[in-house]
Amino acid sequence: MLTATSFTFNPLQENTYVVHNETGECCIIDPGCYFGNERNELKEYIQTSGLTPKYLLNTHCHLDHVFGNKFIHDTWGLTLHLHEKEIPVLDQGPAFGLSWGLPFDNYKGDLIFLREGDTIPLGNDAFRVLFTPGHSPGHIAFYCQAQQFVLGGDVLFLEGIGRTDLPGGNFDTLIASIRNQLFILPEDTVVFPGHGPQTTIGYEKKHNPFLK
Ligand SMILES: [Zn+2]
Ligand SMILES: [Zn+2]
């Protein structure tokens, strides 16, 4: 049984997730911790909960989702998992950071590439990788079918969608990702988004103004 814990970090108010189960192993998804107190909060949560971080996962590599990649790598020795098409986005991060007044040290370790349909096991639980481009070229989501939730990054928000005006973004591609990858999931599926509160697939099918 997986439990998702969220933290909202950095001036862009990004949701970082730690997902663990009874084995004590956990995934860290999109660590946006930027300030020292945010890094301490994440580290203290993991330590006091007795968790062992096993995977560092990025849904995509906009800077607000990757500020903490290097910290996670340095602290727990994890290798970054991402989609190959996010490499240019990852590489652009520090330049964007400088221009937005948010300089940071980028992750420079090895990369492990995830593809659509890949399975990420955690004890007896597992995530399936969904390919959901449009907000960024190699955006992926992590779907837990057994418990009906998806860590959706910046694709689908509560009554909103991800922006498509950043490099590699495409509105039609984003809408197609939502319709073909997310809206085919059971209506009760909970969406844990990269920004803002959680929602469900069924609620967004009815109420999302971008998907009428
Ligand atoms: Zn983004
Ligand atoms: Zn974001």
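Start with phenylalanine 142 in strand 9: its bridge partner in strand 10 is leucine 151. That pair belongs to a set of 3 bridges that join strand 9 to strand 10, and the two strands run antiparallel. Keep in mind, as you look around, that this is a predicted model. Between strand 9 and strand 10 the chain makes a hairpin with 4 residues between the strands, and there glutamine 148 takes a positive phi near 55°.

Now look at the other neighbour of strand 9. Strand 8 (residues 125-131) also pairs with strand 9 in the antiparallel sense, this time over 4 bridges. Here phenylalanine 142 turns up again, as the bridge partner of valine 129.

So how many residues of strand 9 (residues 140-144) are buried? The count is 5 of 5, so to speak a mostly covered strand, where buried means under 20% relative accessible area. In a regular strand, side chains alternate between the two faces of the sheet. In strand 9, Ile140, Phe142 and Cys144 sit on one side, with Ala141 and Tyr143 on the other, and both faces are covered.

Let's zoom out to the sheet. It is an open one, built from 6 strands in the order 7-8-9-10-13-14, and the pairing is mixed. At its edges you'll find strand 7 (119-122) and strand 14 (199-200), each pairing on one side only. Strand 14 is joined to strand 13 (residues 190-193) by 2 bridges, and these strands run antiparallel. One pairing to look for is valine 191 with threonine 199, its bridge partner in strand 14.

Next, the metal. Which residues hold the zinc ion (ligand 1)? They are His60 (NE2), His62 (ND1), His135 (NE2) and Asp154 (OD), which coordinate the zinc ion at 2.1 to 2.4 Å. Along the chain, these donors follow the spacing H-x1-H-x72-H-x18-D. Why is the arrangement irregular? Because the 4 donor atoms around the zinc ion (ligand 1) subtend angles of 85 to 173°, and a tetrahedral site would need all angles between 85 and 135 degrees.

There is a second zinc ion too: ligand 1 and ligand 2 are 3.4 Å apart, and aspartate 154 coordinates both. Histidine 62 lies in the loop between strand 4 (52-57) and helix 2 (63-66), while aspartate 154 lies in the loop between strand 10 (149-153) and strand 11 (156-157), so this pair ties together parts that are 92 residues apart in sequence. Histidine 62 and aspartate 154 are both buried.

Notes. Residues numbered from 1 in each chain as written. Chains lettered and ligands numbered in written order. Predicted model: local features only at pLDDT ≥ 70, side-chain atom pairs only at ≥ 80, totals over all residues. Heavy atoms only, no water. Pairing = 2+ DSSP bridges. Donors = N, O, S within 2.8 Å, 3.2 Å for Na, K, Ca; no water. Tetrahedral: all angles 85-135°; square planar, octahedral: opposite > 155°, others 65-115°. Buried < 20%, exposed > 50% of the residue type's maximum accessible area, 1.4 Å probe, protein only.
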